[in-house]
Amino acid sequence: MPESSTRPRDAALGTGLGRVLLLVYGVFALSASARALVQITTHFGEAPLAYLLSAFAGLVYLSATVGLAIGGTRGRLIALVSCSIELIGVLVVGFLTLADAGDFPDDTVWSHFGSGYGYVPLVLPFIGLWWIWRHRPRPGDAV
Amino acid sequence: MATIIAALVLAVWYLLRTALNRAPSRYDLLAAAVLSALIVVLVVVAVIGLFDGSRPSDTATFAGYLITTIAFVPVAGYLARLEPTRWGSLILGVACLVIPVLVLRLQQIASVTGA
């Protein structure tokens with residue numbers, strides 16, 4: 001069946017696997033932000049740090065989604081920065097929650113390396129960064 | 001429950017199509033539309049349940065999940081149509097994996113009634 005086709009390597013950031021990433025990042029942007037919103041509006045006093053972290057994670061996912069969606073030099077930069085923060089965030093929070101649960105009495109997306117979300121938050125930044133790296137501008141590319 | 005099984009079966013199919021490097025066919029998109037219809041039925045039943053007295057204690061969260069659940073497959077289908085490659089099949093596969101999670105969460109929230 002001639003249904004499948006491949007795209008040129010210089011295709012836009014938001015196509016191919018990028019579009020799958022767009023969907024997954026969108027899901028995480030929505031779930032992390034919505035979770036933070038519910039937590040902050042209903043019982044902020046219980047664990048302010050964890051809830052602010054949830055909100056921050058939501059923003060990071062949101063900006064990664066936007067970066068992937070708009071593409072180009074600027075979108076690529078936004079996505080690159082977001083994915084890097086995401087990677088650092090999931091690693092730092094993952095280790096902190098392993099070492100001492102005291103600082104994070106309530107779970108966030110990044111707690112225990114994202115085990116509550118099937119470890120997708122741990123894997124996602126690696127795939128994201130790999131994808132962005134693959135789409136780095138090369139000399140000779142028409143921008 | 002039927003929705004979860006249907007979604008998981010479709011997920012396996014779409015992931016297989018991805019592995020075989022196939023773009024989503026008309027039938028694949030049609031199957032996603034049928035799944036959407038199943039989900040609409042599920043959400044309508046849940047909304048009727050809301051007016052039936054026993055509200056979940058967290059109605060706002062429940063409503064948020066309902067909206068996400070009903071909109072999810074159509075959005076994925078739209079993205080998959082934009083992506084006529086193997087990755088379009090993967091988009092549908094991922095969506096079909098997320099749906100069971102959403103439905104399970106809905107049931108979880110619904111079981112904690114505030115009434």
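Me: What makes B:Asp28 and B:Arg17 count as buried or exposed in this model?
Reply: This is a predicted model, and the label rests on relative accessible area, with buried meaning under 20%. B:Asp28 falls in the buried class, and B:Arg17 does too.

Me: Why is the pairing of B:Asp28 and B:Arg17 called a salt bridge?
Reply: The cut-off asks for a side-chain nitrogen of Lys or Arg within 4 Å of a carboxyl oxygen of Asp or Glu. Here the N to O distance is 3.0 Å, so the pair qualifies under that 4 Å limit. B:Asp28 sits in helix α2 (residues 26-50) of chain B and B:Arg17 in helix α1 of chain B, so the bridge ties together parts that are 11 residues apart in sequence.

Me: How many salt bridges does a search of the whole structure find?
Reply: Over all chains, the search gives 2 salt bridges. One of them joins A:Arg19 to B:Glu83.

Me: What makes A:Arg19 and B:Glu83 a salt bridge?
Reply: Happily, the test works just as before: the closest N and O atoms are 2.7 Å apart, and the definition accepts anything within 4 Å, so the pair passes. Both A:Arg19 and B:Glu83 are buried.

Me: How do you know that the pair A:Arg19 and B:Glu83 crosses between chains?
Reply: Look at where each partner lives. A:Arg19 belongs to helix α1 (residues 17-43) of chain A, while B:Glu83 lies in the loop between α3 (59-82) and α4 of chain B.

Me: Now to the helices. Which word fits the packing of α1(B) and α4(B), roughly parallel or roughly antiparallel, and why?
Reply: Helix α1 (residues 2-19) of chain B and helix α4 (residues 86-111) of chain B pack at an angle of about 160°. Angles over 145 degrees count as roughly antiparallel, and therefore α1(B) and α4(B) are roughly antiparallel to each other. Their axes are 8 Å apart, and the crossing is left-handed.

Me: Which residues make the contact between α1(B) and α4(B)?
Reply: From α1(B) they include B:Ile4, B:Leu8, B:Tyr14 and B:Arg17. Among those from α4(B) are B:Arg86, B:Cys96, B:Pro100 and B:Leu104.

Me: How do the residues of that contact of α1(B) with α4(B) divide into nonpolar, polar and charged?
Reply: They split into 16 nonpolar, 3 polar and 2 charged.

Me: And what are the elements of chain B?
Reply: From the N terminus on, they run α-α-α-α, with 4 helices and 0 strands. Of the 115 residues of chain B, 40% count as buried.

Methods: Residues are numbered from 1 along each chain as its sequence is written. Chains are lettered from A and ligands numbered from 1 in the order in which they are written. This is a predicted model: local features need pLDDT of at least 70, side-chain atom pairs count only at pLDDT 80 or more; totals for chains, interfaces and linings use all residues. Side-chain values use heavy atoms; hydrogens and water are left out. Axes are lines fitted to C-alpha atoms, for helices over the stretch in contact, and angles run from 0 to 180 degrees between N-to-C directions. Helices (H or I, at least four residues) and strands (E, at least two) are DSSP runs, numbered from the N terminus. Angles under 35 degrees count as roughly parallel, over 145 as roughly antiparallel, 65 to 115 as roughly perpendicular and the rest as oblique. A crossing is left-handed if the near helix is turned anticlockwise from the far one by less than a right angle, and right-handed if clockwise. Contact means heavy atoms within 4.5 Å. Ala, Val, Leu, Ile, Met, Phe, Trp, Tyr, Cys and Pro count as nonpolar, Asp, Glu, Lys and Arg as charged, and the others, Gly among them, as polar. Buried means under 20% relative accessible area, exposed over 50%, partly exposed in between (1.4 Å probe, protein chains only).
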